[in-house]
Amino acid sequence: MALLRGKLRLLLVAGACLIVAQALGAADAPTESQVQAVFLFNFSRFVEWPPQTFAAPGDPFVIGIVGADPFGARLDEAVHNEQINGHSLTVRRFRNISELDNDNCQILFIDRSEIARLGQILTALDHHSTLTVSQADGAAQRGVMIQFATENNRIRLRINVDSARAAGLTISSKLLRPAEIIGTGAKEER
Amino acid sequence: MSKSSTPIRRTLMNMIFLASGVVLLVTSSAFCAYEFLTFRSSSIQQLQILTRAIASNSTAALAFENAEDAAGVLTAFKSDPHIVAAALYDMRGKVFATYPQGLGLDRLPARPGSGFAFGRSAVVGFQPVAEGSKQLGFLYVESDLNAMYSRMKLYGLILVLVAALSLSLAYLISRRLQHRLLQPILALADTARAVAERHDYTVRAAPTGAYEFDLFTDTFNQMLTQIQGSEGKLQAQVGRLSLLQQITRATGERQDLPSIFQVVLGSLEENLPIDFGCFLLHDPGAASLTVAALGRKGSRFGEHLGLLPQSAVPIDANGLSRCIAGELVHEPDVSRVSFPFPQRLSGAGLRSVVFSPLIVESQVFGVLVCARGEAEAFSSRECEFLKQLSEHVALASHQARLHGALQQAYDDLRQSQHTVMQQERLRALGQMASGIAHDINNAISPVSLYTESLLEREPNLSERTRNYLTTIQRAIEDVARTVARMREFYRERDAQLTLERVEINRSVQQVVELTKPRWSDLPQARGAMVDLQTYLADPLPDIMGAEHEIRDALTNLIFNAVDAMPTGGALTVRTRRATVADGETRVLIEVTDSGVGMDEDTRRRCLEPFYTTKGERGTGLGLAMVYGMIQRHSAELEIDSEPGKGTTVRLNFPAVTSSIVSLPKAKSAAAVKRPLRILLVDDDPLLIKSLQDTLQEDGHLVTATHGGHEGIEAFAAAAKRGECFDIVVTDLGMPHIDGRKVATSVKGVSPTTPVVLLTGWGQRLIATNDAPAHVDKVLAKPPRLHELRAALAELVA
């Protein structure tokens, strides 16, 4: 009897733990946008900008977001107190391309909300050494340099090397190796 | 060489092995330690490099959370098979990817650490994964140590092989080096062994060509040369010592100087050696030396030198005089010395000479001369040797002399002892003879008296009777003389010997005639022939002596000569006159035979009484009597004899000088005319009777009494009666009261009455002038009638 009662109690405890764990996991598990925010920041380490990208040495390294901001405060947290080659990181948010103007960004996240104006945006960025990133499907084929693609609940990178090269950016081979290389106008898989 | 000592070969080998082994061990240990440490650090470095590369490659995978890519990157660890585990941790410490894939989390550290460290069986390390300054995570890697162990094993194997090879090489090299190093030592050792075993010091070690060894070899050879020299000197010294010992022993066995000298010279000539050696004897006070002995080799030179035994060598100023002073003189080259004796030696071809003095009791009594043909041929050691030898020889000579003196003293002592014994025997014999003589004299007294009386008083005797009586009388006289002579044996010297002129030639002729049966007839009966020749010098002076003794002596000598020639031979009797240095004339009688002769011992002892070579036939008194006669006559006796060559006995008498006159002849007895009353006292009835008869026939009144007692009483009684005896004739030797007491008693009664003493010892009493007190005349028995008459006439008239 005692044994039976012991097993029962153990079963109960295990069950309780499982429930708690699931709840915690759900609360703690990073969302897609969270991961993308970190990735966005990480790009600064695997891409080399030409030296003239900064007008002045003290200019901040600017990560811009155009369109809706999927990251919220998370991006700000990710870049907080970070520096790239002596340049402090700054996040700037633009509602549309017009706000970009003369403001120079090193990384520009183009939210899928702005995908309709992608051409306009890319044109605007011509002659600028700005790494363009988007989560919109097919963005890479359309000239965006890095596209987040979600496969099997994992975020994969699709990189348009031609676009990057055209912008005078050098993407690290390390970044290229786990990524999917996409040419401009290439057909999107799936 | 001891068994326990290790050959240098093995020691060297051990040294080389030990040295190379230690070097090898230290080197390889250092190498191994270095390899171990460097391998550790290098393996960590390699691991770090690999890890860093892979970490670098995995940054993107971490940054963009691509686990597949991370796993793919980690597969690069396949390039190192020793990496057994690897894992990527993200910054939260969560394992992001593992190598090999599917590695259980329990194999990995729960939390990432930092740095690389050696564990028990593996190297583990964490490498931060960073892109730029941004750390993305950690790479954990674990590499097992098999690589290091296998490498260490390889090193160990190589080490063993290298050690084996090195030691083999060391062995070969050391063998070769040892050969070079040891060969000279072994060669030297062989030489030393050859020297030690064979005692051959002429061997020399050959040079090896190596400086140090040649130094050693040279020193060794020098040492050998020195040893060789010392050995030679030692041998010579030992030789001289043994020669000295040999000579000393040889001289010790000899007791006479000539033989000692000969043996010394012989040994020196043969063994030292020398070419010439001689002994010179020095007479203190004389200025020359006498050659006492020459060596055999020396005799050859001796003739050249004019040195012959007993020749004299004058002492010259240089060598010999210094030698006589007790100094050893060495002349290295006599040809450069101008003194005579060295020049003589030089002339004989001798160059170097040593004169060595013979010293006894700090007195030089001789010189040993040693010479050699070459100049400077005597070393100082030989001189020293000769000096020592001379001391030994001197000592031996001294001992020989002492021995001779001792022998002489011993012989004299023995002779004296013998003489004393003989005298004792003779004394006993003499006493016995004296007793016998007394009895015989008593016994023959009546015969003598009656015979004389008959011949005198009986004119009518037939011729034949007279002849017989005369013969009896001569025989009695002979008996009396024989008895008298018999008592002479024990007399030392009869000072009162009645000496008269003796004509020697006549005595010789008488003796030769008397002994003819002995030297002629008896030998002829045996078939032997004795040829007797007499050579008598004429004229020959007379001598003073007792003729009968001389005749007896000659008789004895002739008998001895005949006895010495059992198979016959020549017997010569010779008399001659000789004049000695001081002008005294002497008469010599020589009896020479060609018989067997006498050896030295016999010759020396032949004069001893009772010494005889004739066995039972001889009395041993013959020559003793001759000697006694010679002594009594102050004469000399010489005996020359040699075994097998015969004997000559020479009697040497002093000749009579003209001042000595011959004794007057006994005057004829003057008889007493008137009859006398005579008292006869004797204990022998026969003698009393015969004396009484003969005296009564002369017309005397004779009273005969037996014994002293009776005689004294008779004399006293007659004196009382007033009929005193005119004369008393008494015997000397009587029981109880002898003749002396009778005489004393008679003189006590009548001092004027003469007393005549008759004695069997009469001649002795006469000779020793031992006439007792109160005795007026001593007459010998047997009494002669004419003597008796003369005494009576002398005493009573």
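In this predicted model, a good place to begin is helix H4 of chain B, where B:Ser174, B:Pro184 and B:Val195 are buried. The buried residues of this helix pack against two other helices of chain B, namely H1 (8-57) and H5 (211-252). If you have the structure open, bring up those two helices alongside H4(B) and follow the packing from there.

H4(B) covers residues 146-198, and its length can be checked with a little arithmetic. With 53 residues and 1.5 Å a residue, the helix should span 78 Å; the C-alpha atoms at its ends lie 72 Å apart, so the two values agree. Where along H4(B) does a kink lie? Look at B:Leu182, where the helix bends by about 35°, shortly before the proline B:Pro184. That proline is one of the buried residues you met at the start. Just after the helix comes B:His199, which has a positive phi, near 55°.

Now move along chain B to another pair of helices. Two packed helices are described by the angle between their axes and the distance between the axes. For H14 (residues 547-563) and H16 (residues 622-632) of chain B, the axes come within 9 Å and cross at roughly 145°. The crossing of H14(B) with H16(B) is left-handed.

Which residues meet there? On the H14(B) side they are B:Glu549, B:Ile550, B:Asp552, B:Ala553, B:Asn556, B:Leu557, B:Phe559 and B:Asn560. Their partners in H16(B) are B:Gly622, B:Leu623, B:Met625, B:Val626 and B:Met629. Sorted by class, the residues of this contact are eight nonpolar, three polar and two charged. An α-helix has 3.6 residues a turn, so residues three or four places apart point the same way. You can look for that spacing among the contact residues of H14(B), which include B:Ala553, B:Asn556 and B:Asn560.

Stepping back, chain B as a whole has 21 helices and 23 strands, and 31% of its 797 residues are buried. Chain A has 190 residues, of which 37% are buried, and its secondary structure consists of seven helices and 10 strands. In chain A, 64% of the contacts with a separation of 6 or more join residues 24 or more positions apart; for chain B, the figure is likewise 64%.

Finally, turn to where the chains touch. Here 11 residues of chain B are in contact with nine residues of chain A. Helix H2 (residues 59-63) of chain B supplies the largest share of chain B's side, four residues. By class, that side has four nonpolar, four polar and three charged residues.

Note on methods:
Residues numbered from 1 in each chain as written. Chains lettered and ligands numbered in written order. Predicted model: local features only at pLDDT ≥ 70, side-chain atom pairs only at ≥ 80, totals over all residues. Contact = placed C-beta atoms within 7 Å. Nonpolar A, V, L, I, M, F, W, Y, C, P; charged D, E, K, R; others polar. Expected span 1.5 Å × (residues − 1). Bend = angle between axes of the 7 residues up to and from the residue. Buried ≥ 20, exposed ≤ 12 C-beta atoms within 10 Å, placed from the backbone. Axes fitted to C-alpha atoms, helices over the stretch in contact; angles between N-to-C directions. Left-handed = near helix turned anticlockwise from the far one by under 90°.
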